[in-house]
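Biologist: I would like to learn how to read a structure like this one, feature by feature. Could we begin with a single residue and then widen the view?

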Amino acid sequence: MEIKNICCIGAGYVGGPTMAVIAQKCPDINVTVVDINEKRISAWNHENVNNIPIYEPGLSDIVAEARGRNLFFSTDVDGAIDKAEMIFISVNTPTKTYGIGKGMAADLKWIELCARQIACIAKDDKIIIEKSTLPVRTAAALKDILYNTGNGVKYQILSNPEFLAEGTAVQDLLNPDRVLIGGDIDTEEGLEAVKALCNVYARWVPEKRILTTNVWSSELSKLTANAFLAQRVSSINAMSELCEKTGADVNEVAKALGMDSRIGSKFLKSSVGFGGSCFQKDILNLVYIAKSFGLDEVADYWEQVIIMNDHQKRRFADNIIKTLFNTVSGKKIAVLGWSFKKDTNDTRESAAIYVADHLLNEEAEIVVYDPKVEKDQVYSDLDYLNTRSKEANRKNLKVSNDPYDACKDAHAIAILTEWEEFVEYDWEKIYENMLKPAFVFDGRNLLDVKEMLRIGFVLKSIGKPQ
Ligand code: NAD
Ligand code: UGA
């Protein structure tokens, strides 16, 4: 089957970069990314390619190359569905905030809307691709909707989960460890659809890295991969607390573990806790699925990863209060970093939000600096928690666009994102302008301990003797 037109529903952190790379690598295929969010689409179409809505190293160059040639961003969802032989669904699948499964299950409302819209518009056979992260067996629900509300056209539903990490999205897409494609491989039509998608990726991904499975294995592999990754972070963070009590150094422990080739060295960086839009939601979803099959031990096992992460964020904030002589009331605390990791402007579930919220409850006066996050985003993250009035958030937390101003006259600095520029700062100058003792809480083990102590700071790092 020859693919000439691809449509992607959802122009977010996954849809945008993924389709930009497909368009770059397949100049003969028209790729249209559609979204109901007009503001987002107009930002993707901004004449200055540096103003596209998502910051990812290398992304603006790829968009500049392909946009207007064979990459299009549009709000005409119906038109793009109609034209495409292959439709990626890349909409959000957040944790449900209401009803059955509240706080645990994935909310599939947007996925269902896409299926109904495709069924209503499609006039010829289509390959539908689950790009969003979905509970195992969602493809069966999609099939039900498509066939019961459609007008006789045939569909093949494939699962093709995305494994990119934010901040390295372009590199991950250009050089993926693997591309996973799940399909109905027991039928000829299913196999043909899988092959059509393999052919798209095969333009730049070596064949041995394109893995095909049945649909359910593919859907479940995505949730499992995120659970395993998050589990590693919670495991090293659990050890960080023990290191602080025993004189061990978590970096040294991580290095010693990582040299065991069975364990591997990646994803063993102790931190203030993992954030991001997916780890927590995907594990909660996994826990919910396990519980719904009556697998309580499986559910409890994975839930512990989240419990440990919440504990890590909380104990970091508590340590600031305890160290500042048991009160932060009226004290200025500079927060360096608001995004959930470096090299992204995404703040979803960032540990910084929870640490700041906790310190605000203790009447701290916070000043935030982040090189890529806008002021409005910081306030909207805090307002979303609904802990206090919007006015109180704006009164007690300020956002600065100058890190030296943010740190001036502060009692303490908390480093919550590992932005590389933080290392380069003139820490002597920062020290001179702070109140003494000058406390730094390094939630990312980013700063040189010896050098910071030499300058005179009282430095509290994660997982190091306190
Ligand atoms: P996002 O919120 O950035 O983007 C989703 C977009 O879909 C939004 O712009 C929204 O307006 C749009 N949308 C929702 N319903 C729509 C509809 N009916 N028609 C048209 N547009 C619609 O989300 P994201 O971060 O790109 O994540 C998307 C999916 O990919 C999620 O399931 C997520 O778990 C998964 N995922 C995300 C990442 C990541 O790094 N962010 C990585 C791998 C997988
Ligand atoms: C993660 C996975 O790495 C991707 O494979 C997956 O596609 C994606 O989730 C998803 O499904 O959304 P992402 O959340 O973008 O990607 O970023 P990560 O690099 O995984 O970092 C997640 C969080 O863990 C960050 O807050 C990061 O600072 C933290 N982390 C990561 C640590 O604290 N220590 C580590 O060693 C690694």
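Modeller: Let us begin with Ser235, keeping in mind that this is a predicted model. Ser235 counts as partly exposed because it has 16 C-beta neighbours inside 10 Å, and the cut-off behind this reading is that 20 or more such neighbours would make a residue buried, while 12 or fewer would make it exposed. The place of Ser235 is in helix α9, and from there to Gly456 the distance is 32 Å in space, C-alpha to C-alpha, with the two positions 221 residues apart in sequence.

Biologist: Which residues with a positive phi, other than glycine, can I look at in the same way, and is Asn326 buried or exposed?

Modeller: One of them is Asn326, which is not a glycine and yet has a positive phi of about 70°. Asn326 is found in the loop between α12 (296-323) and β9 (332-336), and it counts as exposed because 9 C-beta neighbours lie inside 10 Å. Glu363 can be read likewise, since its phi is near 65°, a positive value in a residue other than glycine. Glu363 lies in the loop between α13 and β10 (365-369), and it is exposed, with 12 other C-beta atoms within 10 Å.

Biologist: What does the helix just before Glu363 look like, and how many of its residues are buried?

Modeller: Helix α13, which spans residues 351-361, is mostly covered, for 8 of its 11 residues are buried. The buried ones are Ala351, Ala352, Ile353, Tyr354, Val355, Ala356, Leu359 and Leu360, and just after this helix comes Glu363 with its positive phi.

Biologist: Where is there a cis peptide bond?

Modeller: The peptide bond from Lys436 to Pro437 is cis, and its omega is near -5°. Pro437 has its place in the loop between α18 (427-432) and β13 (439-442).

Biologist: How should I read a strand, and which way do its side chains point?

Modeller: In a regular strand the side chains alternate between the two faces of the sheet. Strand β4 (residues 86-89) shows this arrangement, with Met86 and Phe88 pointing one way, Ile87 and Ile89 pointing the other way, and all of them buried.

Biologist: Which strands pair with β4, and in which sense do they run?

Modeller: On one hand, β4 pairs with β1 in the parallel sense over 4 bridges; here Cys7 stands opposite Ile87, and Cys8 stands opposite Phe88. On the other hand, 4 bridges join β4 to strand β5 (residues 126-130), and these two also run parallel, with Phe88 standing opposite Ile129 in β5. To get from β4 to β5 the chain passes through α5, in a β-α-β crossover that is right-handed.

Biologist: What can be said about β1, the partner of β4?

Modeller: Strand β1 covers residues 5-9 and is mostly covered itself, as 4 of its 5 residues are buried. It is joined by 5 bridges to strand β2 (residues 30-34), and the two run parallel, with Asn5 opposite Asn30 in β2. The path from β1 to β2 goes through helix α1 (residues 15-25), and this β-α-β crossover is right-handed.

Biologist: Now to the ligands: how many residues lie around ligand 1, and which come nearest?

Modeller: There are 27 residues around ligand 1, of which Gly10, Gly12, Tyr13, Ser132 and Thr133 come nearest. Helix α5 (residues 109-121) contributes the largest share of this shell, 3 residues, and by class the shell has 13 nonpolar, 10 polar and 4 charged residues.

Biologist: Which residues are closest to ligand 2, and which helix gives the most to its shell?

Modeller: Ligand 2 is surrounded by 20 residues, and Lys269, Ser271, Phe274, Gly276 and Cys278 are the closest. Helix α9 (residues 215-246) gives the most to this shell, with 3 residues, while the shell as a whole has 11 nonpolar, 5 polar and 4 charged residues. The shell around ligand 2 also draws at least three residues from each of domain 1 (5-205) and domain 2 (279-461).

Biologist: How far apart are the C-alpha centres of those two domains, and how many residues from each take part in the contact?

Modeller: The C-alpha centres of domain 1 and domain 2 lie 33 Å apart, and the contact takes 15 residues from domain 1 and 14 residues from domain 2. On the side of domain 1 that touches domain 2, the residues divide into 9 nonpolar, 4 polar and 2 charged.

Notes: Residues are numbered from 1 along each chain as its sequence is written. Chains are lettered from A and ligands numbered from 1 in the order in which they are written. This is a predicted model: local features need pLDDT of at least 70, side-chain atom pairs count only at pLDDT 80 or more; totals for chains, interfaces and linings use all residues. A residue is near a molecule or strand if its C-beta atom, placed from the backbone, lies within 6 Å of it. Ala, Val, Leu, Ile, Met, Phe, Trp, Tyr, Cys and Pro count as nonpolar, Asp, Glu, Lys and Arg as charged, and the others, Gly among them, as polar. Domain bounds come from an automatic or database domain assignment. Two strands pair if DSSP finds at least two bridges between them. A crossover is right-handed if, with the strands pointing away from the viewer, the path from the first strand over the helix to the second runs clockwise. Two residues are in contact if their C-beta atoms, placed from the backbone, lie within 7 Å.
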